[in-house]
Amino acid sequence: MPPTLASLAHHSALKLTVRAGEGRLDVAVRWAHVSELADPVPYMEGGELLLTTALKLDAEDAKAMRRYVKRLVGAGVVGLGFAVGVNYDEIPKVLVDTAEEEGLPLLEVPRRTPFIAISKAVSAAIAADQYRAVTAGFAAQRELTRQALSDGPEGLLAALAAQVDGWAALYDASGALVATAPDWAGRRAARLTADVERLRDRPAPASSVVGGPDNEDRVELHTLGTGRRPRAALAVGTASALGTAERYAVHSAIALLTLTTERSRSLQAAQDRIGAAVLRLLLAGHPDHARAVAGELYGGLLDAPFRVIVGEGVTADGDPLGGLAEVVESAAARSGEAVLVVAEGPRRLVVLAVDGGAAVEACGEYAATLEAARASSDTREQGGEDDELVVGLSAPSGPIAAAAAYKQAEQALSVARRRGRVFVEHEQLAAGSVLPLLADDAVRAFADGLLRPLSEHDATGRGDLVASLRAWLSRHGQWDAAAADLGVHRHTLRYRMRRVEEILGRSLDDPDVRMELWLALKATAAAE
């Protein structure tokens with residue numbers, strides 16, 4: 001520990017006597033400084049033991065001494081050493097009383113004790129404390145390294161918590177809690193996820209100090225990783241500010257965890273290449289070869305129903321699909337699920353995730369969040385629609401039908417883009433209606449072009465061909481029923497249908513013609 005006024009007062013070689021402030025001798029001394037100035041405060045930093053012979057002080061002037069002592073206390077001076085036998089044979093009573101009133105420890109320095117001896121004692125104690133801190137730091141580093149090698153990040157966190165006499169927690173790239181030590185700190189660490197997420201948005205490396213939940217402790221947060229985006233985050237909670245030895249331990253833990261995350265990064269790159277090969281084999285119709293290449297890397301993912309997720313575009317922060325990948329991988333990691341994530345170029349991501357699992361659910365929640373954000377602010381003004389993230393989800397499938405599931409996800413993605421949606425499931429398409437698809441601009445243009453001759457005819461007031469065509473088609477060509485709907489004679493309706501054929505140059509006996517006309521009428525109605 002650093003030197004204190006008490007340790008100096010008990011130093012046998014210094015022969016110091018405490019004359020005031022005996023209850024405040026446990027304060028640490030940062031340095032010993034000699035000054036004969038009437039006002040040494042401008043040259044103080046705080047934490048010093050001020051030594052003086054009162055050469056330029058009237059130590060018997062009560063008002064002057066009260067001002068002098070108060071300014072020393074206000075500047076953070078921790079003690080005053082007064083040399084006797086030089087200018088004063090003893091410390092004036094007014095100075096002793098004032099120091100006692102203001103709570104400033106006052107030490108009497110005998111004539112035979114030079115100030116340099118006190119300065120050397122303080123310096124030696126500080127050096128010894130720093131040496132102990134460095135030695136303890138190296139010992140902590142060895143212990144943290146041993147735990148990291150034997151028990152991984154969990155063992156390292158446990159060793160770090162013991163070193164700082166507090167707790168430690170590790171968060172993943174998404175801000176989700178991964179591990180804590182000791183176990184009782186889990187709830188405290190979980191309540192800091194919002195602070196971790198804010199820290200993650202700052203350029204790495206970044207750190208911050210926050211008050212713990214309910215002001216239970218002091219928490220330091222540090223990002224981990226060497227890239228632009230942090231790979232993880234470390235939280236360290238203690239009852240008070242860290243000392244030198246504890247600071248060494250925290251810095252060692254940051255270095256070791258960074259090495260771990262960067263090593264994991266290299267392993268992840270290799271796993272990504274294997275995942276891409278597995279996906280290609282599945283889409284090529286070779287599930288057995290895909291299983292052989294995957295080995296145990298993806299657990300039972302290829303043996304259970306899975307979903308294919310295809311995403312395209314960029315996220316709101318401009319990182320190509322980074323947000324989607326992080327959300328899916330973090331959800332799978334927390335639930336213990338296997339997930340296969342493959343980047344097909346900078347703007348396309350393919351994911352194989354367990355059907356009904358946390359990864360698929362997290363994907364839908366993430367898309368819903370983006371959908372709500374787009375609804376509240378017009379992001380399309382900042383970039384084209386092709387730049388926005390869109391996601392398609394297949395129906396449940398297996399290795400044999402992986403290619404079909406991939407096509408389903410692509411179809412759902414295509415529909416999502418046309419509808420201006422973020423996320424569409426293929427099952428929604430099968431369970432819904434084809435009519436929403438008619439809102440496409442190309443379909444509307446086709447409908448307008450096909451029906452324009454009839455609309456122009458009706459505009460002259462020579463008949464109501466469009467309404468008659470709609471009624472006739474809706475009644476499946478039944479003349480009496482359609483004529484009744486229109487309130488006209490069936491011969492009138494027959495005449496109008498012949499005029500439709502003449503104007504369009506197409507026969508209503510052709511089922512393809514009837515289908516195209518019906519869809520054109522539906523598309524026109526949807527646009528109105």
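**Close-up 1. Helix α6 lies across four strands in this predicted model.** Helix α6, which covers residues 193–200, lies across β6, β8, β9 and β10. The helix runs at about 40° to β9, the strand formed by residues 218–224.

**Close-up 2. Five strands form an open sheet with antiparallel pairing.** Read across the sheet, the order of the strands is β7-β6-β10-β9-β8. The edges are taken by β7 (177–181) and β8 (207–211), and because each of these has a single partner strand, one side of each is left without a neighbour in the sheet. Neighbouring strands of this sheet are turned by 20° against each other on average, when their direction is ignored. As general background, strands of a sheet pair through backbone hydrogen bonds, in either a parallel or an antiparallel manner.

**Close-up 3. Strand β6 pairs with β7, and helix α4 packs on the sheet.** Strand β6, made of residues 167–171, and β7 are joined in the antiparallel sense over four bridges. Within this pairing, Ala169 has Thr180 of β7 as its bridge partner. Helix α4, which spans residues 115–164, packs on the sheet and touches β6, β7 and β10 (232–238), while its direction makes about 150° with that of β6.

**Close-up 4. Asp217 makes polar contacts in the loop between β8 and β9.** The loop between β8 and β9 holds Asp217, a residue that is buried because its relative accessible area is 9%, under the 20% limit. Through its side chain, Asp217 makes a polar contact with the side chain of Trp167 at 2.7 Å. The side chain of Asp217 also makes a polar contact with the side chain of Arg188, again at 2.7 Å.

**Close-up 5. Two aromatic pairs are found in a search of the whole structure.** In the pair formed by Phe82 and Tyr88, the ring centres are 5.9 Å apart and the planes stand at 55°, so the pair is described as tilted. Both of these residues, Phe82 and Tyr88, are buried. In the pair formed by Trp472 and Trp479, the ring centres are 5.6 Å apart and the planes stand at 40°, so this pair is tilted as well. Trp472 counts as buried because its relative accessibility is 8%, whereas Trp479 counts as partly exposed because its relative accessibility is 22%.

Definitions and conventions: Residues numbered from 1 in each chain as written. Predicted model: local features only at pLDDT ≥ 70, side-chain atom pairs only at ≥ 80, totals over all residues. Heavy atoms only, no water. Pairing = 2+ DSSP bridges. Helix = DSSP H or I, 4+ residues; strand = E, 2+ residues; numbered from the N terminus. Axes fitted to C-alpha atoms, helices over the stretch in contact; angles between N-to-C directions. Contact = heavy atoms within 4.5 Å. Phe/Tyr/Trp six-rings, centres within 6.5 Å; stacked < 30°, edge-to-face > 60°. Buried < 20%, exposed > 50% of the residue type's maximum accessible area, 1.4 Å probe, protein only. Polar contact = N/O pair within 3.5 Å; in protein donor to acceptor, adjacent residues only side chain to side chain.
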